[in-house]
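Open the model in your viewer and keep the selection panel at hand. The stops below go from one selection to the next.

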Amino acid sequence: YGNALFWIMVEQEHGAATIPAVWRQLISEPAMEAINTVMQQKGSSFAAMHARYGQWLYFSGSRAQNGLFFPEAPFYPTLKTDDNKHFTVQDTFSYSGRVYGRSFTLLSLDDLPSVRQRGRVFADSAYGYLNHLAAGHPQSDAVPLNEAQVFIPLPTDTVMVMISNATEDRRDFSYFLQADTTLLTSIGPNPVNLTGGSRDAWFYNVPEEATIYIYNIRGYLVRRIDRGGDRDVRWDVRDNAGHLLSSGVYFYMIEAPDTHATGKFAVIR
């Protein structure tokens, strides 16, 4: 059952031709290596797709999002969470545990302050991913284990921490979360209203040599902006093809030599 759903996701993400491509690759490689080879040809990897798969499974059943992830997600079972992994966070938070091979573990965090948070998993293998899910969508792109993910929860959010392990062996890990104050970039106005007046948005306080990446709710890159000479960066709310963005929730990621941070915003048309 799980394997069948994985290939439904692969078809949705990379097209139906990807599946016979894997079959052909099986002639020269074992199964997992063949999948990884084909995923790399698509600009991804098995580990990245495995992490995406966990996200798709999470937003099934009662958590299904209309028009996103599995087409029949409302009819699939709801992914269960472990009551023993439900925590209330006052300030910093840490947890040590184990995730089995080619599997996921979920931590549920309540009452997080609505400030920029930095989460990170330390493990003896980077062949897995960390993601934070809340308010019906991922907070930003998943990051490989041993790297930090920065996000801003809403005051009412229950944040689900999803840790994936794409190896065949179980792995011990340690997860740490704390408020992050190293980068104070913001976007305004938020939401961005394209129905009247100025159609520009601004990224404020962007560090030097930074690049801004903007993603839609499905995690696809829609625009890349390199900072020029000004610390405040104007954006015309258009994608890389020059089209105005559709209404919806988007995420931005700021990457600079010494900093990394993410945020989210809405567009109204």
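Begin with the lining of the largest pocket, whose residues divide into 14 nonpolar, 11 polar and four charged. This is a predicted model. The volume of the largest pocket is about 580 Å³. To find its middle, select Arg-52, Asp-141, Ala-142, Tyr-215 and Gly-219, which are the closest to the centre among the 29 lining residues. Next colour H1, H4, E5, strand E17 (248-256) and strand E18 (259-268), the elements that give two or more residues to this lining. H4 supplies the largest share, five residues.

Now select helix H4 by itself, residues 46-58. H4 has 13 residues and reaches 18 Å from its first C-alpha to its last, close to the 18 Å expected at 1.5 Å a residue. Is H4 enclosed by the rest of the structure, or open? Of its 13 residues, 13 are buried, so H4 is largely enclosed by the rest of the structure.

Stay with H4 and move to the second largest pocket, which has a volume of about 490 Å³. It is lined by 24 residues, and those nearest its centre are His-50, Tyr-53, Arg-102, Ser-103 and Phe-104. The elements giving two or more residues to this lining are H1, H2, H3, H4 and strand E3 (103-110). By type, the lining of the second largest pocket divides into 14 nonpolar, six polar and four charged residues.

Next comes the largest nonpolar core, which has 32 residues. Select Phe-6, Met-9, Tyr-53, Tyr-58 and Phe-70, the residues with the most contacts inside this core. At least two core residues come from each of helix H1 (2-14), helix H2 (18-25), helix H3 (31-41), H4, strand E5 (129-134) and strand E9 (159-165). Which element gives the largest share of this core? H4 does, with nine residues. Apart from this core lies another, of 22 residues; select Ile-212, Val-233, Leu-244 and Phe-265, which are among them.

The next stop is the aromatic rings, where the count comes to 18 pairs. Show Trp-56 and Phe-70, an edge-to-face pair with 5.0 Å centre to centre and 80 degrees between the planes. Trp-56 is in helix H4 and Phe-70 in the loop between H4 and strand E1 (86-88), so look for the pair as a link between parts of the chain 14 residues apart. Both residues are buried. Add Tyr-58, Phe-59, Phe-69 and Tyr-76 to the selection: ring pairs link these with Trp-56 and Phe-70 into a cluster.

Then select Phe-122 and Phe-176. Their ring centres are 5.7 Å apart and their planes at 70 degrees, so this pair is edge-to-face. Phe-122 lies in strand E4 (residues 117-123) and Phe-176 in strand E10 (residues 171-179), so the pair ties together parts 54 residues apart in sequence. Are these two rings' residues buried or partly exposed? Phe-122 counts as partly exposed at 39% relative accessibility, and Phe-176 is partly exposed with a relative accessible area of 40%.

End at the cavity: the count comes to one of 30 Å³ or more, and about 30 Å³ of space lies in the largest. Select its lining: Val-99, Ala-123, Leu-145, Ile-163, Asn-165, Arg-171, Asp-172 and Phe-173. E9 and E10 are the elements that give two or more residues to this lining, and E10 gives the most, with three. The lining of the largest cavity divides into five nonpolar, one polar and two charged residues.

Note on methods. Residues are numbered from 1 along each chain as its sequence is written. This is a predicted model: local features need pLDDT of at least 70, side-chain atom pairs count only at pLDDT 80 or more; totals for chains, interfaces and linings use all residues. Side-chain values use heavy atoms; hydrogens and water are left out. Helices (H or I, at least four residues) and strands (E, at least two) are DSSP runs, numbered from the N terminus. The expected span of a helix is 1.5 Å times one less than its number of residues. Buried means under 20% relative accessible area, exposed over 50%, partly exposed in between (1.4 Å probe, protein chains only). A nonpolar core is a set of buried Ala, Val, Leu, Ile, Met, Phe, Trp, Tyr and Cys residues joined through side-chain atoms within 4.5 Å. Rings of Phe, Tyr and Trp (its six-membered ring) pair if their centres lie within 6.5 Å; planes under 30 degrees apart count as stacked, over 60 as edge-to-face and the rest as tilted. On a 1 Å grid over the protein atoms alone, a cavity is a set of points where a 1.4 Å probe fits but cannot get out, and a pocket is an open set with protein on both sides within 12 Å along at least five of seven lines; lining residues have an atom within 4 Å of a point. Grid points are joined across faces, edges and corners, and a volume is the space filled by probe spheres set on the points. Ala, Val, Leu, Ile, Met, Phe, Trp, Tyr, Cys and Pro count as nonpolar, Asp, Glu, Lys and Arg as charged, and the others, Gly among them, as polar.
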